[in-house]
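Student: I have a chain to read and would like to go from its fold down to single residues. Where do we start?

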Amino acid sequence: NTIDLDIQNQVNVRVHQIVWGGGYRRSADSTDTEFNLFFAPQNRTTHATNGFVQANVAIDPDRVTAILGMKVEENDYTGFEVQPTARVRWTPTASHTAWAAVSRAIRMPTRFDNDIQFTGGTGRVLITGNDEFASEELIAYETGYRSQLASWLSFDVAAFHHKYDDLRSQETPIERGAPFVVANTLAADITGVQLSADAQLASWSRVH
């Protein structure tokens, strides 16, 4: 059973725009104990509150704009989490646009990270959750360029580097017979480039 309340407001200051808001979520669950898989404790109620602000700033209204944002969340699993973002866009001409962005995002723990108990039908716990499980983290760096080559043809290129930390892992027990423990010992990096083109060949035909 979940109760979710949100509020959002937008304020325009000359050519700039500010969006702010917040929210509250209460989630309560009740589970049964199964032979292979169950949660401990069986029942849990969690609370999460958040606040955010985002400013769309027109540095040069016709050419350069920026988006600066911040979300702050407090939850029962990891306490306070901060998720900032910054994005800038440069439009030197009507047919050319370049942009870049950097952001931090998290995946908050769930019952499957903190409270899971897995027996696999053996009668003893083989994998156990961890009440010190941290949020998984992503730092995303992105940049791109878009060109309107003709009224019917456009081209996009985007490059990104995503750095992940504190990813979910299962740690080998130190003592013989002890269960595997859910933890945050993995990390990953993803780097790539995306290319795309869009052509409106006729009123009834579009190629992407």
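Tutor: Start with the order of elements. From the N terminus, this chain runs β-β-β-β-β-β-β-α-β-β-β-β-β-β. Keep in mind that the model is predicted.

Student: How many helices and strands does the chain have?

Tutor: The chain holds 1 helix and 13 strands.

Student: How do I read the overall dimensions?

Tutor: Set the radius of gyration against the globule rule. A compact globule of 208 residues would come out near 17 Å, but this chain has 23 Å. Then look at the principal axes. The C-alpha trace spans about 70 × 35 × 35 Å along them.

Student: What share of the residues counts as buried?

Tutor: Of the 208 residues, 26% count as buried. The exposed surface is about 13300 Å², and carbon and sulfur atoms supply 57% of it.

Student: And charge?

Tutor: Count side chains, then locate the centres. There are 17 positive and 25 negative side chains. The centres of the two sets lie 5 Å apart.

Student: How do I read contacts along the sequence?

Tutor: Sort them by separation. Among contacts with a separation of 6 or more, 50% join residues 24 or more positions apart.

Student: Which residues make up the largest nonpolar core?

Tutor: The core has 5 residues: Phe39, Ile116, Ile127, Phe133 and Val182. Take Ile116 as a way in. Beyond its neighbours within four places in sequence, Ile116 contacts, among others, the core members Phe39, Ile127 and Val182. Its contacts also include Leu37, Arg111 and Arg168.

Student: Leu37 turns up there. Where is Leu37 placed?

Tutor: Leu37 sits in strand 3, residues 37-39. Not counting residues up to four places away, Leu37 touches Ile116, Gln117 and Phe118. Pro179 is 142 residues from Leu37 in sequence, yet their C-alpha atoms are 14 Å apart.

Student: Why does Leu37 count as partly exposed?

Tutor: Because its relative accessibility is 39%, and the partly exposed class runs between 20% and 50%.

Student: Now a charged residue. Is Glu81 buried or exposed?

Tutor: Glu81 is buried, because its relative accessible area is 9% and the cut-off for buried is under 20%. Glu81 belongs to strand 6, residues 79-93.

Student: What does Glu81 touch, leaving out residues up to four places away in sequence?

Tutor: Glu81 touches Lys71, Val72, Glu73, Asn75, Arg104, Ile106 and Ser135. Check Lys71 on your display. Lys71 and Glu81 are 10 residues apart in sequence and 8.2 Å apart in space, C-alpha to C-alpha.

Note on methods. Residues numbered from 1 in each chain as written. Predicted model: local features only at pLDDT ≥ 70, side-chain atom pairs only at ≥ 80, totals over all residues. Heavy atoms only, no water. Core = buried A, V, L, I, M, F, W, Y, C linked by side-chain atoms within 4.5 Å. Buried < 20%, exposed > 50% of the residue type's maximum accessible area, 1.4 Å probe, protein only. Contact = heavy atoms within 4.5 Å. Helix = DSSP H or I, 4+ residues; strand = E, 2+ residues; numbered from the N terminus. Rg over C-alpha atoms; globule rule 2.2 N^0.38 Å. Areas by Shrake-Rupley, 256 points an atom, 1.4 Å probe, with all protein chains shown as cover. Lys, Arg positive; Asp, Glu negative; His and termini not counted. Charge placed at Lys NZ, Arg CZ, Asp CG, Glu CD.
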